[in-house]
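Thanks for sharing this one; here are a few notes to read alongside the coordinates. I have set them out as numbered points so you can check each in your viewer.

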Amino acid sequence: MSHPHAIRMLLNYLKVFLKVLCRYIAFPLRLVHLCRTLLQLYSRNVASIMRLDQFQRVHTDGHPERISGSSLSLLPLSNNHVPSLLGPAASNPSIPMLLINAPLTSANPNDQQLPLAAPIISQSQSEFWPFTPSQVMRYNKNPRMHKQESKILIIPPVKREYSDTEDSGDWCTCVHPDGALYFHDPIRGIYTDSNIWNETRRSSMTSRIEKLLALMTSRCGLQLRSGGIELVVELTKGRDHHRVCRYYFVDHPNRLLFWLDEMPTAKIFDGVLGVEKWSHIKYAIQHQYWQHCELYPSDKLPGPQLLKELKEVVVHASAEIITTDLSLSPFDSDELSKILHLIDRFEDDIQGAHYTCVIVRFMRYFSRAQFFNFCGLPEARLNAGQPLFVKEKKSKFLVALSWAINFALLDAPQYHMTALQRVWVDHRISPSRWKNFYNKLMDDWSSVAMYSTVLLAVDISFLSVPSVSLQKSGSVTTVSIYFSIFCTVGSLVVSLCLTRQHRLYGQESADTAAQFLTKVARSAFGTRSVATVHGLPYVMLLWGMMYFILAFSYQVLMSTPTWTLAFTGSACGLLFVLWLASVMRDFYLLTWLLAWLKAWIRLRHGPDNDTT
């Protein structure tokens, strides 16, 4: 009987132990689950707010204006609002609409507002889709060649003609300076990247071009080659796998593009919020125009005039970047010097596709920078660190939590956050500043890794000292050294991982970095999480140093006579007071403290002095 009774008691003890263990384990798990749920709810709210993209812009008169940055509104291209967008076509009231990412509102009550209109026809119902030069599928084609032996094994004798025999009809084959093949109809001024050596594809494109030209004549009264108008078409498959014709028209005299159907602005605005003026949209259209000229270079472009304009822009950007570190130039000083040296080698009467591609490529970057910086508007950005939008209010809980994390990490996240905010302004990154920021981060992490290696060697050497190694494993000195080793190794590992990560992906373009930061900004902690990760190597190194100082001080103080400690402590205290006084003087705290004491004394003894 005693044996079964002992087993039952053991089972009861085991049940009690399991219950207690479950309680201790369940409480932190519930707490973690609660925090995770709260963060998910907050992230969803932030994401919904970001999808609405509602913000305020500050105008020069000091009154904020409410803007909705994501609602797509249809705006007619009328002659009153965009006189140079379509040239002669702007006077025709039958011109369709342009999709704009924000309703046009103005701080000036005298400005005319663009009325809303209903869409004419959806893209899914039309065989003609408007698109932009940035959507041309030239550099994103899927591979079609198979690995096989060459079909041509012998070159005939006296072979002097190496042109292809494929029939392209009235189209001429052209080779881009980059090596891409495209086709050009010189009679009507039409370009395409679609392979029209296929007779079926060529006939399908010809019929669609005829319909498109008839539609342009009926709606706008324009014809190709009238006033420098050209057409770019591309055959592709729609969502239901039926063939559609993508197109855009080019207006060379005005350096613009236009369409016959409503055009979504997502690809044109490239994520820029608060666009509300046609004069501002013109820079985005001009950026697409320069990209078209780069894709399809033409000898009919005024080469000397473009070269003169480019020289003026580059010289001004060079002077600006020399005199200030807040330049809005898309290139840094070394790149501008190389560009200026390159274009100085051009002849005055330049001709050829290679020269044209070089000039318009640089013009495209400068035009894009003008659009991003709201050039020509009262709210234009005039230096690289100037934000245009009002900061959104953050949750008090997140502010308090960020302050606590920043305090625990010795102000390192705030330092890196300030550096990141100088580079990433209004969800945009300056390419020249991004390079400097990247190089500075790499240098900081490399130096931290070196210091961590030295401190790790010092910690291990300190453990081998006889007076330390003979102590118990739970002594203050030993535990502090262990903590110092853990922090130092952590700093070394994190710095090496971040350095490797940035060497692999950090040299990508500023646009890729901006896309990554935009995704991170939609999370609960935003870009502060990136700043926190960037500061971890430095913080862990400082914590390792502090633990080593604690272990060293404890070891010294425990084996030193009292009078030596008193003398050394007095000297250290005096040095601390002098350092504190210098800090208070630098931050004007001493002056403020003296003024406060005088005011308190005057308030305390003032009535007595008056009575006497």
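**Notes on the predicted model**

1. Val479 has a relative accessibility of 30%, so this residue counts as partly exposed. Please keep in mind throughout that we are looking at a predicted model. Val479 sits in helix H12, which covers residues 476–505. Leaving aside residues up to four places away in sequence, Val479 touches Ser473 and Gly474. You may also like to check Tyr547, which is 68 residues from Val479 along the chain, with 9.0 Å between the two C-alpha atoms.

2. On to the nonpolar interior. The largest nonpolar core holds 72 residues, and the members that touch the most others are Leu231, Val233, Tyr247 and Phe249. Helix H4 (residues 278–295) is the biggest contributor to this core, giving nine residues. A second core, of 18 residues, lies apart from it and has Val423, Trp424, Tyr438 and Val520 among its members. As general background, nonpolar side chains in soluble globular proteins tend to be buried together.

3. Which residues does Leu231 touch, not counting residues up to four places away in sequence? Its contacts are Gly189, Ile190 and Tyr191, then Ile209, Leu212, Leu213 and Leu224, and finally Tyr247, Tyr248 and Phe249. Two of these names, Tyr247 and Phe249, also appear with Leu231 among the core members that touch the most others.

4. Now the charged pairs. The count of salt bridges comes to 16. In one of them, Glu335 pairs with Lys435, and their closest N and O atoms are 2.1 Å apart. This pair links distant parts of the chain, 100 residues apart: Glu335 belongs to helix H6 (residues 333–344) and Lys435 to helix H10 (residues 431–463). Glu335 is partly exposed, because its relative accessibility is 24%. Lys435 is also partly exposed, at 35% relative accessible area.

5. Asp426 and Arg381 form another salt bridge, with 2.6 Å between the closest N and O atoms. Asp426 is in the loop between strand E12 (424–425) and strand E13 (428–429), while Arg381 is in the loop between helix H7 (353–372) and helix H8 (396–408), so this bridge ties together parts 45 residues apart in sequence. Is Arg381 buried or exposed? With a relative accessible area of 6%, Arg381 is buried, since the cut-off for buried is under 20%.

6. A pair within a single helix is Lys440 and Asp444, a salt bridge whose closest N and O atoms are 3.4 Å apart. Both residues are in helix H10, four residues apart, so about one helical turn separates them. Lys440 is partly exposed at 40% relative accessibility, and Asp444 is partly exposed at 26%. Elsewhere, salt bridges with shared partners join Asp178, Glu294, Arg361 and Arg364 into one network.

7. Last, a helix pair. The axes of H5 (residues 303–323) and H7 come within 10 Å and cross at roughly 45°. Because of that angle, H5 is oblique to H7. The crossing of H5 past H7 is left-handed. From H5, the residues at the meeting are Gly303, Leu306, Leu307, Glu309, Leu310, Val313, Val314 and Ala317. From H7, they are Ile359, Val360, Phe362, Met363 and Phe366.

Terms used: Residues numbered from 1 in each chain as written. Predicted model: local features only at pLDDT ≥ 70, side-chain atom pairs only at ≥ 80, totals over all residues. Heavy atoms only, no water. Core = buried A, V, L, I, M, F, W, Y, C linked by side-chain atoms within 4.5 Å. Buried < 20%, exposed > 50% of the residue type's maximum accessible area, 1.4 Å probe, protein only. Helix = DSSP H or I, 4+ residues; strand = E, 2+ residues; numbered from the N terminus. Contact = heavy atoms within 4.5 Å. Salt bridge = Lys/Arg side-chain N within 4 Å of Asp/Glu carboxyl O. Axes fitted to C-alpha atoms, helices over the stretch in contact; angles between N-to-C directions. Parallel < 35°, antiparallel > 145°, perpendicular 65-115°, else oblique. Left-handed = near helix turned anticlockwise from the far one by under 90°.
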